[in-house]
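This report looks at strands, charged pairs and aromatic rings in one model. The structure comes first, and the description follows.

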Amino acid sequence: MKTIIKYVLLDLLRNKIILVYTIILAVLSISVLNLDSNPSKGLLSLLNVTLLFVPIITILFATIYFFNSIEFTELLLSQPIKRQKVILAEYIGMASSLAAAYAVGVGLPLLFLVSGTESLILVLTGVLLTLIFSSLALLIFVKSKDKTRGIGIALVVALFFTLLFDGLLIAFIYSFSDYPIDQAVIAIIAFNPIDLARVLMLLQLDTSALMGYSGALFKKFLGSATGSIFSISCMVFWVVVPLFLSVRIFRKKDL
Amino acid sequence: MIRIEGLTKSFGKFKALDNINLQMQEGQAISLLGPNGSGKTTLIKSILGLVIPEKGKITINNHVVREDWAYRSKIGYMPQIGRYPDNMTIEQVIKMIKEIRKDHTQYDEELIYGFGLDKMKTKTMRSLSGGTRQKVSACLAFLFSPDIYILDEPTAGLDPLSSELLKEKMVKERAAGKLILITSHVLSDLEGIASHIIYLQDGNLMFYKTVEELQASTGESKLNKVIAQVMRTELPAMKHN
């Protein structure tokens, strides 16, 4: 398994898209952080960039990568290795190269310009989002029959979590505003990894005015520390559950 | 060596394989023939465990395919389309497979040198032509001197010289008592290699005979004429039964 991870990494670290992704992240980070003297604001802008781009780029790149590797996967599977090992190795190689791109592209500028716990949490948020959406991409890959459909589903999933989910949440909050729905809202947020990421980061920045309804709820009900732990655990679930399902489905998939 | 019992597989409503029973022994070179979509690749992939059968059982050297993945160490597989990670070099691909197969320390690298891949080992897979990628696939299939070779359209896309080289290698391996299973539409390429013919159509096994038997029943000697004759006369007769 280590061998496969190593060679997938070797391949992906020389991938042009990953290089360009790293450079764009780095340029964005440096320019955003230099725009304002207030580092908190810079971090917030970077957070928005992360929440907007990381999910969609990760899920698209990963889905396409998994589909393009079908023949390579077959070749590996014709060797005496377990199916689970092959698919997990491909996931780990894929997710860690994208995570590395984020860590370098955003992490390095942060380290030099705004080092501190908040910056660390932002990098953690980006890395977790990368792992989550790679995991979802794997699930899409094992569930869908062909590449075109897979990419379509990946796009829909990414747009659902970045745009549609919040719209539905707001509709929900407005229509039930007469009832005590605070806890329900927290529960619903757990179903969107991007919201979890936003809340996690905003809890660190302590800019309550910018936290919005959901962030304020987290603070009120869970407090900063518990809220952070809650959102991190939920995000870890978002990595593990799709991954576990993918491996199970892949065991019986026809190639 | 390979025993297939009652193998059935469908994709949706389409029956790719319908109750196939086969036995293949060492020293045989079996050519798997049939029109496009007749189930050849599905059969090969079932043997490799890439396609999970609905019904039936495949055993290889008494290992049941579904239960035990270790049997695949005995198989060298050359896929129809070889696609590799873009940025890996030929050398890295070969090294990776060697590292995965730690059980082996002896390698059969005759084809690597024969095809001249050792001289372009630093080229990335993306930059290679389809034929060269095919050569890499062939080298990987023969690398560990397995007991069973499964070759899916091995000579398609190869230049005449390389194609000859690969055929010579197959003849040599067969003489060494290996089992070779080949699908190919280029019948002239199978001349002198194939000892048995399996003919599939619409997922059904039409016949499984030795080349001599077929030559005797058709009165032809060239393989492509033999098969053409069989397709004209014997297959329609079989369908009516």
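B:Asp189 has a relative accessibility of 14%, so it counts as buried. The model is a predicted one. The partner of B:Asp189 in a salt bridge is B:Lys167, and the closest N and O atoms of the two are 3.3 Å apart. B:Lys167 sits in helix 5 (residues 160-175) of chain B and B:Asp189 in helix 6 (residues 187-190) of chain B, 22 residues apart, and the pair links distant parts of the chain. B:Lys167 is buried too, with a relative accessible area of 12%.

**Salt bridges**

Side chains of opposite charge can pair when their charged atoms come close. Over all chains the count is 16 salt bridges. The table gives three of them.

| Pair | Closest N to O | Relative accessibility |
|---|---|---|
| B:Lys167 and B:Asp189 | 3.3 Å | B:Lys167 12%, B:Asp189 14% |
| A:Arg198 and A:Asp166 | 3.5 Å | A:Arg198 26% |
| A:Asp254 and B:Lys9 | 2.6 Å | A:Asp254 26%, B:Lys9 7% |

A:Arg198 belongs to helix 9 (residues 193-205) of chain A and A:Asp166 to helix 7 (residues 147-175) of chain A, so their salt bridge ties together parts that are 32 residues apart in sequence. The pair of A:Asp254 and B:Lys9 crosses between chains: A:Asp254 is in the segment after helix 10 (208-250) of chain A, and B:Lys9 is in strand 1 of chain B. B:Lys9 is buried, whereas A:Asp254 is partly exposed. Salt bridges also link B:Asp108, B:Glu110, B:Lys169, B:Lys172, B:Glu173 and B:Lys178 in a network.

**The four-stranded sheet of chain B**

Strand 1 of chain B, which holds B:Lys9, is part of an open sheet of four strands with the order 2-1-4-5 and antiparallel pairing. At the edges are strand 2 (14-24) and strand 5 (63-64) of chain B, each of which pairs on one side only. Strand 1 (residues 2-11) and strand 4 (residues 55-60) of chain B run antiparallel and are joined by five bridges. In strand 4 of chain B, B:Lys57 is the bridge partner of B:Glu5. Helix 1 (residues 40-48) of chain B packs on this sheet and touches strand 1, strand 2 and strand 4 of chain B.

**The six-stranded sheet of chain B**

Another open sheet in chain B has six strands in the order 6-7-8-3-9-10, with mixed pairing. Strand 6 (75-78) and strand 10 (204-210) of chain B each have a single partner strand, so one side of each is left without a neighbour in the sheet. On average, neighbouring strands are turned by 15° against each other, direction ignored.

Four bridges join strand 6 to strand 7 of chain B, and the two run parallel. B:Ile75 stands opposite B:Ile148 in strand 7 of chain B. In a regular strand the side chains alternate between the two faces of the sheet. In strand 6 of chain B, B:Ile75 and B:Tyr77 point one way, B:Gly76 and B:Met78 point the other way, and all are buried.

**Aromatic rings**

How many aromatic pairs does the structure hold over all chains? There are 13. In one of them, the ring centres of A:Phe160 and A:Phe161 are 5.2 Å apart and the planes lie at 65°, so the pair is edge-to-face. A:Phe160 is partly exposed at 29% relative accessibility, while A:Phe161 is buried at 8%. Both belong to a cluster linked by ring pairs, along with A:Phe133, A:Phe165 and A:Trp238.

Note on methods
Residues numbered from 1 in each chain as written. Chains lettered and ligands numbered in written order. Predicted model: local features only at pLDDT ≥ 70, side-chain atom pairs only at ≥ 80, totals over all residues. Heavy atoms only, no water. Phe/Tyr/Trp six-rings, centres within 6.5 Å; stacked < 30°, edge-to-face > 60°. Buried < 20%, exposed > 50% of the residue type's maximum accessible area, 1.4 Å probe, protein only. Pairing = 2+ DSSP bridges. Contact = heavy atoms within 4.5 Å. Axes fitted to C-alpha atoms, helices over the stretch in contact; angles between N-to-C directions. Salt bridge = Lys/Arg side-chain N within 4 Å of Asp/Glu carboxyl O.
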